[in-house]
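This report goes through one protein chain, from its overall build to a few selected residues. The sequence and the structure come first.

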Amino acid sequence: MNKQTYAGGPAPYIHEVRVGWGHCDPAQIAFTGHIPWFALEAIDAWWEVHLDGTGWFQLNIDRNVGTPFVHMSLDFSSPVTPRHPLMCEVAPVR
């Protein structure tokens with residue numbers, strides 16, 4: 001779990017995604033539609049880290065707690081390929 005702070009708040013949680021060959025299209029980059037899937041995986045991992053292993057599924061099914069999100073943004077600095085891990089930041093603001 002990240003203990004650092006930035007701009008007066010907690011540092012973003014960093015989740016590493018291993019992009020595999022099956023995530024890629026003929027252009028040899030990740031399918032655009034898989035990118036939000038990776039982001040959702042990172043959000044689920046954030047919950048697991050911050051709630052002692054309890055993820056989104058357990059929150060909804062076991063605790064009857066829904067946790068929607070209203071914003072997701074993606075900034076690409078290079079193509080997403082299997083050559084390097086994809087580092088996803090999760091930074092809840094409220």
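## Overall build

Of the 94 residues in the chain, 32% count as buried. The model is a predicted one. The chain contains two helices and four strands, and their order along the sequence is β-β-β-α-α-β.

The C-alpha trace spans about 40 × 35 × 25 Å along its principal axes. The accessible surface of the chain is about 7,200 Å², and carbon and sulfur atoms account for 56% of that area. Taking contacts between residues at least 6 apart in sequence, 57% join residues that are at least 24 apart.

## Cysteines

The whole structure was searched for disulfides, and zero were found. Cys-24 takes part in none, and the nearest cysteine sulfur, which belongs to Cys-88, lies 14 Å away. The sulfur of Cys-88 is therefore too far from that of Cys-24 for a bond, since the two are 14 Å apart, whereas a disulfide requires sulfur atoms within 2.5 Å.

Both cysteines can also be placed by their accessibility. Cys-24 has a relative accessible area of 14% and is therefore buried. Cys-88 counts as buried too, because its relative accessibility is 12%. The cut-off behind both calls is a relative accessible area under 20%.

## Ile-29 and Thr-81

Ile-29 sits in the loop that runs between β3 (13-17) and α1 (34-50). With 33% relative accessibility, Ile-29 is classed as partly exposed. Apart from neighbours within four places in sequence, Ile-29 is in contact with His-23, Cys-24, Pro-79, Val-80 and Thr-81. Ile-29 is also 9.8 Å from Arg-83, C-alpha to C-alpha, although 54 residues separate the two in sequence.

Thr-81 belongs to another loop, the one between α2 (56-62) and β4 (86-90). Its relative accessible area is 17%, so Thr-81 is buried. Setting aside neighbours within four places in sequence, the contacts of Thr-81 are Val-19, Gln-28 and Ile-29. The contact between Ile-29 and Thr-81 thus joins a residue of the β3 to α1 loop to a residue of the α2 to β4 loop, because the two have heavy atoms within 4.5 Å.

## Aromatic pairs

The structure has two aromatic pairs. One of them is formed by Trp-37 and Phe-38, which are stacked, with 6.4 Å from centre to centre and 20 degrees between the planes. The two partners differ in accessibility: Trp-37 is partly exposed at 49%, while Phe-38 is buried at 1%.

Trp-46 and Trp-47 also pair; their ring centres are 5.0 Å apart and their planes stand at 85 degrees, so this pair is edge-to-face. Planes over 60 degrees apart are given that label. Both of these tryptophans, Trp-46 and Trp-47, are buried.

## A nonpolar surface patch

Which residues make the nonpolar surface patch of about 430 Å²? They are Leu-40, Phe-69, Met-72, Leu-74 and Phe-76. One of these, Leu-74, lies in the loop between α2 and β4. Leu-74 has a relative accessible area of 40% and is partly exposed. That value satisfies the accessibility condition for a patch residue, because the condition is a relative accessible area over 30%.

Methods. Residues are numbered from 1 along each chain as its sequence is written. This is a predicted model: local features need pLDDT of at least 70, side-chain atom pairs count only at pLDDT 80 or more; totals for chains, interfaces and linings use all residues. Side-chain values use heavy atoms; hydrogens and water are left out. Buried means under 20% relative accessible area, exposed over 50%, partly exposed in between (1.4 Å probe, protein chains only). Patches are made of residues with over 30% relative accessible area and no salt bridge: like charges are joined within 9 Å, nonpolar side chains (Val, Leu, Ile, Met, Phe, Trp, Tyr) within 5 Å. Accessible areas come from the Shrake-Rupley method with a 1.4 Å probe; for residues, only the protein chains shown count as cover. A salt bridge is a side-chain nitrogen of Lys or Arg within 4 Å of a carboxyl oxygen of Asp or Glu. Rings of Phe, Tyr and Trp (its six-membered ring) pair if their centres lie within 6.5 Å; planes under 30 degrees apart count as stacked, over 60 as edge-to-face and the rest as tilted.
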